[in-house]
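Hello,

Here is the structure I promised to pass on to you. Please have it open while you read, and my notes on what turned up in it follow below.

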Amino acid sequence: AYFANERTLLLERATLSSLATRFMPGRSIFLLDELIGVASGGRPVSLQKLHVSQPSNFKAPTKAPAATVKQSAPPGGAPVAAGGGGGALPATKLLYQANTYLFTAEATVLEVGEKAGGGGWAVVLDETCFHAQGGGQPADTGTLTRAGGGAAWAVRMVKKDGEGVVRHDGEPGGPAPNFGAGDTVSLAVDEPPRRYNARVHSAGHLIDVAMTQAGSTLRPTKGYHFTPGAYVEYEGKLEASEREALLPKLQAAMDELIARAVPSTVQTVDATALGDYCSPNTIPSDPALWGKGWVRVVGVGGMVCPCGGTHVADTRELGRPMREEERILG
């Protein structure tokens, strides 16, 4: 249900599915296939076949291959920063990691470039409130507008490279932006998809918490937060009788966690200290694999793990999930 004010999407029904046949042997997968907004009256939510109720103007992003960007000046001769062949661009400041509900901001343009093969244009900013696709979560979409006015330039994909530089891609084959390096631009993220993606991502994390509370010792190995078909994958195998016993407990744990409105937390910690903050089953058992430097860790439902995505403020935003069906992969 997409409310008329175009600002509120709540979970009405989510589907929890246990899979085991189409993927890797020895893995159990719990699928979130659909999320539907809560209707008036606070009807219960269903954690089961997870299909998606999306705004009519929301297009699920596709995973496009990385594109080479060449320097080129937009119409009007706006300056373009020396990027591809010159000095390296600084890592982009990720404003969305501090505030899921930050939908607008201002930033300075560092580079505008035309993608090779006529694939459109890409823009690099000093900071951004657009979530970059990654960690199993889709990219934000929205617009960039030159300060002082002008036509809004549509952002259709956002990617972060290995150096932490975020590129905002326009429409494939679309027009160049009417701004260049050094200009100030206003950023506007499409709010309904951002809120929706945060709910899907948080729901995946909460399943991990519920699994532990339900007595499962399976270790989570992957979260996929695109819809339809979002899922959480676990290492291990469950017999049919074990699944039948686990799912009601899992549903009850989800209900209890959501009813408690557990606040989400965000911290930045030294990678060598991850064991002091994160749940043991969310990080490698070998500390040598934790990496180096600072790592963002997120707590949803009381369980903390490394994560770069956007999340709800507390579990109550997810509604009341109920499980209705299951499948197996194995």
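Before anything else, please keep in mind that this is a predicted model. I have grouped the notes by topic.

**A helix with little exposure**

A good place to begin is helix α1, which covers residues 191-213. It has 23 residues and spans 33 Å from its first C-alpha to its last, close to the 33 Å expected at 1.5 Å a residue. Of those 23 residues, 21 are buried, so α1 is largely enclosed by the rest of the structure. Just after the helix comes Gly 215, with a positive phi of about 95°.

**Salt bridges**

How many salt bridges does the structure hold? There are ten, and I will walk you through some of them.

Two involve α1. In one, Arg 194 pairs with Asp 140, and their closest N and O atoms are 2.7 Å apart. Arg 194 belongs to α1 while Asp 140 sits in the loop between β7 (127-128) and β8 (142-146), so this salt bridge ties together parts that are 54 residues apart in sequence. Are these two partners buried or exposed? Arg 194 has a relative accessibility of 0%, so it counts as buried. Asp 140 is buried as well, with a relative accessible area of 2%.

In the other, the side chains of Glu 317 and Arg 199 meet at 3.8 Å, N to O. This pair also links distant parts of the chain: Arg 199 is in helix α1 and Glu 317 in the segment after β17 (303-306), 118 residues apart. Both Glu 317 and Arg 199 are buried.

Away from the helix, Glu 111 forms a salt bridge with Arg 167, with 3.3 Å between the closest N and O atoms. Glu 111 is in strand β5 (residues 104-115) and Arg 167 in strand β11, so the two tie together parts that are 56 residues apart in sequence. Here the partners differ in exposure: Glu 111 is buried, at 4% relative accessibility, whereas Arg 167 is partly exposed, with a relative accessible area of 22%. These two residues also belong to a network of salt bridges that includes Asp 161.

**Aromatic pairs**

A search of the whole structure turned up three aromatic pairs. One of them joins Trp 153 and Phe 179 in an edge-to-face arrangement, 6.3 Å centre to centre and with 85° between the planes. Trp 153 lies in strand β9 (residues 153-155) and Phe 179 in the loop between β11 (166-169) and β12 (184-189), so the pair ties together parts that are 26 residues apart in sequence. Both of these residues are buried.

Another pair is stacked: Tyr 224 and Tyr 231 are 5.4 Å apart, centre to centre, with 25° between their planes. Why is Tyr 224 partly exposed while Tyr 231 is buried? The usual cut-off for buried is under 20% relative accessible area; Tyr 224 has 23%, so it counts as partly exposed, and Tyr 231 has 9%, so it counts as buried. Ring pairs link both tyrosines with Phe 226 into a cluster.

**A pocket to look at**

The second largest pocket has a volume of about 590 Å³. Which residues come closest to its centre? Of the 29 that line it, they are Gly 135, His 205, Gly 223, Pro 306 and Cys 307. At least two lining residues come from each of α1, β13 (219-224) and β17, and β13 gives the most, with five. By class, the lining has nine nonpolar, 16 polar and four charged residues.

**Two backbone details**

The peptide bond from Thr 227 to Pro 228 is cis, with omega near -5°. Pro 228 is found in the loop between β13 and β14 (230-235).

The other detail is Ala 261, which has a positive phi of about 50° although it is not a glycine. Ala 261 is placed in the loop between α2 (240-259) and β15 (265-270), and it is buried, with a relative accessible area of 17%.

Happy exploring, and best wishes

Notes
Residues are numbered from 1 along each chain as its sequence is written. This is a predicted model: local features need pLDDT of at least 70, side-chain atom pairs count only at pLDDT 80 or more; totals for chains, interfaces and linings use all residues. Side-chain values use heavy atoms; hydrogens and water are left out. Rings of Phe, Tyr and Trp (its six-membered ring) pair if their centres lie within 6.5 Å; planes under 30 degrees apart count as stacked, over 60 as edge-to-face and the rest as tilted. Helices (H or I, at least four residues) and strands (E, at least two) are DSSP runs, numbered from the N terminus. Buried means under 20% relative accessible area, exposed over 50%, partly exposed in between (1.4 Å probe, protein chains only). A salt bridge is a side-chain nitrogen of Lys or Arg within 4 Å of a carboxyl oxygen of Asp or Glu. The expected span of a helix is 1.5 Å times one less than its number of residues. On a 1 Å grid over the protein atoms alone, a cavity is a set of points where a 1.4 Å probe fits but cannot get out, and a pocket is an open set with protein on both sides within 12 Å along at least five of seven lines; lining residues have an atom within 4 Å of a point. Grid points are joined across faces, edges and corners, and a volume is the space filled by probe spheres set on the points. Ala, Val, Leu, Ile, Met, Phe, Trp, Tyr, Cys and Pro count as nonpolar, Asp, Glu, Lys and Arg as charged, and the others, Gly among them, as polar.
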